[in-house]
Amino acid sequence: MTRSPATLTETPDLYGAYPRLDERRIADLSQCGERRPVSPGEVLYREGEPVGEFIVILRGTVAMVEGYGSGEERTIAVHGPGRFLGELGLLTGQAGFLTALVREPGEILAVGADQVLALVAGDPAFGDLILRAYLTRRTLLIGMDAGFRIIGSRYSPDARRLREFAARNRLPHRWIDLEEDEEAEALLRRLGISPQDTPIVIWRGDQVLRNPTAATLAKTIGLAAPRPGDGVCDLIVVGAGPAGLAASVYGASEGLTTVVLDAVAAGGQASTSSRIDNYLGFPSGISGAELAERAVIQAAKFGARLTVPAEASGLEADDGHYSVLVEGGPAVQGHAVLIATGARYRKLDVPDLEKYEGCGVYYAATPFELRMCRQAPVVIVGGGNSAGQAALYLARNASSVRMLVRGGDLSESMSRYLTDAIGRTPGIEIMFHTEVRELLGDGSLRAVRAQNNQTGQFIEIETNAMFVFIGADPHTGWLAGAVALDDRGFVITGNGSSHWEALPLEAGRPGVFAVGDVRSGSVKRVASAVGEGAMAVRLLHERFTMTGHRQQGR
């Protein structure tokens, strides 16, 4: 419930989300900004609209409000002099999730978003302050169930699809389950929608999207869509995992016109990692989602254009350049293509698995899944690094965590720092030589039936959340006939990929490269993927020199 202006107090600076700028920094911003007086009740920007200005409060008070003007209005945060407004969308081009409402009269300083991006690029300390604040604000919004609402049944594949898209893209939203939320049917009646017409998405309080595609939802909230008629770019990066994002940053920073496509979300499988503790430069660790968000902003700073969702469906040579076909959209043309589509989660070979996916079976451990596991038993299948990271992360909320490992030793598949951390964490039990044979439940998961593969003994483990981390298969179906694949479906690169002198990482065609998990023989580590992405851009310049291509950005 929103408090009256008289009782509003400034929100504490939670985890660095709401820092205060000093006088020197405000003076620097004043050189390129506009000072404006503001009055109580004035709206500085609205929920659902792009935020085009970086606003600093000089005098007075501003409240960040969700559902402004509706019966469900609530105040998320209140800011006073020295604080700046905005959220991650200011840097990425997404629509805002909150309304900025003046509560007490005063004065603001407004700086254009493009000017702020230029300042951030030239001042690392200022850039880090803003980026850290915006990333933390996004995390807080997600935890508050702010943003758009998804209403549907937990058993609906379409509802599961929308929830996964929102979760993977770290979009603030609230999930309302028809099966257990008492307000769901009343809300649907008020909107004149039957349960059979769900799932729906409610945006800005009153805009209803009926079973939207991911592309429709993305367009509504301001994510970039493929645009026809953009001409032939220098580099098309297909896949926005660590390898693809690294290539995007290096390519765009070196003057290549760069377009990045991803079917689901930036970050790839790495974005589902709750914590990466051994990545160079982050001694206290970093989540995969934050690493991806930082890379996206960095690539955009240099001019790379990221498009999500945009699923590649084919690769063709086209009059001296290449065309990447996009499912349901225009083809994207480029002089070079970098394949970084990574791998897709490998699934357990057990009956009725699909029935429980999204309502008991999960393939990622993110804040969304963490909230489902409060004081409940959790099962994790797998013994690699992803499984270990998930166990440590989920142990924060779960009543117990059981890791089911097919082999008898973690050291062969998991980094030492993770096995040591698991050994020190109470509540985590490792069950070696154990495999899942059956899932039990009625619509939603109730228990897992597992078997010891040495003794043959069966055990039934009660849980409503099973996380599967048993590796992945290459996402190369869209490349059929376009490049050479090995017997497991990974892209072959270098001289083994063609009958001519191919460059390292080149995939059978001049100017087509493959990097990261999708490449045959690659090391399946985040740092290795980033290194390959950077290396491919260097090799691409070499290929352009051979072909005489002049980069558009040069």
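Which residues line the second largest cavity? In this predicted model, the list reads Thr-272, Ser-273, Ser-274, Ala-365, Ser-386, Gln-389, Ala-390 and Phe-469. Sorted by class, that lining has 5 polar and 3 nonpolar residues, with no charged ones.

**Cavities**

The search turns up 2 cavities of 30 Å³ or more. Here they are next to each other:

| Cavity | Volume | Nonpolar lining residues | Polar lining residues | Charged lining residues |
|---|---|---|---|---|
| Largest | about 210 Å³ | 14 | 5 | 2 |
| Second largest | about 30 Å³ | 3 | 5 | none |

For the largest cavity, 21 residues make up the lining, and Met-64, Gly-86, Glu-87, Leu-98 and Leu-141 are the ones nearest its centre. If you want to find that wall by secondary structure, look at β4 (74-79), α2 (89-92) and α4 (124-143), each of which supplies at least two lining residues.

**Cores**

Now for the packing. In soluble globular proteins, nonpolar side chains tend to be buried together. Here the largest nonpolar core has 55 residues, and the ones with the most contacts inside it are Leu-44, Phe-54, Val-56, Leu-85 and Phe-148. A second core stands apart from that one, with 29 residues, among them Val-237, Leu-338, Ala-340 and Leu-539.

Phe-148 is worth clicking on. Leaving out residues up to four places away in sequence, Phe-148 touches Phe-97, Trp-203, Pro-172, His-173 and Arg-174, to name some, and the list also includes Ala-166, Leu-171, Val-201, Ile-202, Leu-217 and Ile-221.

**Aromatic pairs**

Across the whole structure there are 8 aromatic pairs. One of them joins Phe-97 and Trp-203, edge-to-face, at 5.8 Å centre to centre with 85° between the planes. Phe-97 sits in the loop between α2 and β5 (99-112) while Trp-203 belongs to strand β8 (residues 200-203), so this pair ties together parts that are 106 residues apart in sequence. Both partners, Phe-97 and Trp-203, are buried. Elsewhere on the ring list, Phe-54, Phe-84, Phe-126 and Tyr-134 are linked into a cluster by ring pairs.

**A look at Ile-297**

Is Ile-297 buried or exposed? Ile-297 is buried, because its relative accessible area is 13%, under the 20% cut-off. Ile-297 is part of helix α9 (residues 288-301). Beyond its neighbours within four places in sequence, Ile-297 is in contact with Leu-88, Leu-91, Thr-92 and Leu-131. Val-249 lies 48 residues from Ile-297 in sequence, and the two are 9.4 Å apart in space, C-alpha to C-alpha.

Notes: Residues are numbered from 1 along each chain as its sequence is written. This is a predicted model: local features need pLDDT of at least 70, side-chain atom pairs count only at pLDDT 80 or more; totals for chains, interfaces and linings use all residues. Side-chain values use heavy atoms; hydrogens and water are left out. A nonpolar core is a set of buried Ala, Val, Leu, Ile, Met, Phe, Trp, Tyr and Cys residues joined through side-chain atoms within 4.5 Å. Buried means under 20% relative accessible area, exposed over 50%, partly exposed in between (1.4 Å probe, protein chains only). Contact means heavy atoms within 4.5 Å. On a 1 Å grid over the protein atoms alone, a cavity is a set of points where a 1.4 Å probe fits but cannot get out, and a pocket is an open set with protein on both sides within 12 Å along at least five of seven lines; lining residues have an atom within 4 Å of a point. Grid points are joined across faces, edges and corners, and a volume is the space filled by probe spheres set on the points. Helices (H or I, at least four residues) and strands (E, at least two) are DSSP runs, numbered from the N terminus. Ala, Val, Leu, Ile, Met, Phe, Trp, Tyr, Cys and Pro count as nonpolar, Asp, Glu, Lys and Arg as charged, and the others, Gly among them, as polar. Rings of Phe, Tyr and Trp (its six-membered ring) pair if their centres lie within 6.5 Å; planes under 30 degrees apart count as stacked, over 60 as edge-to-face and the rest as tilted.
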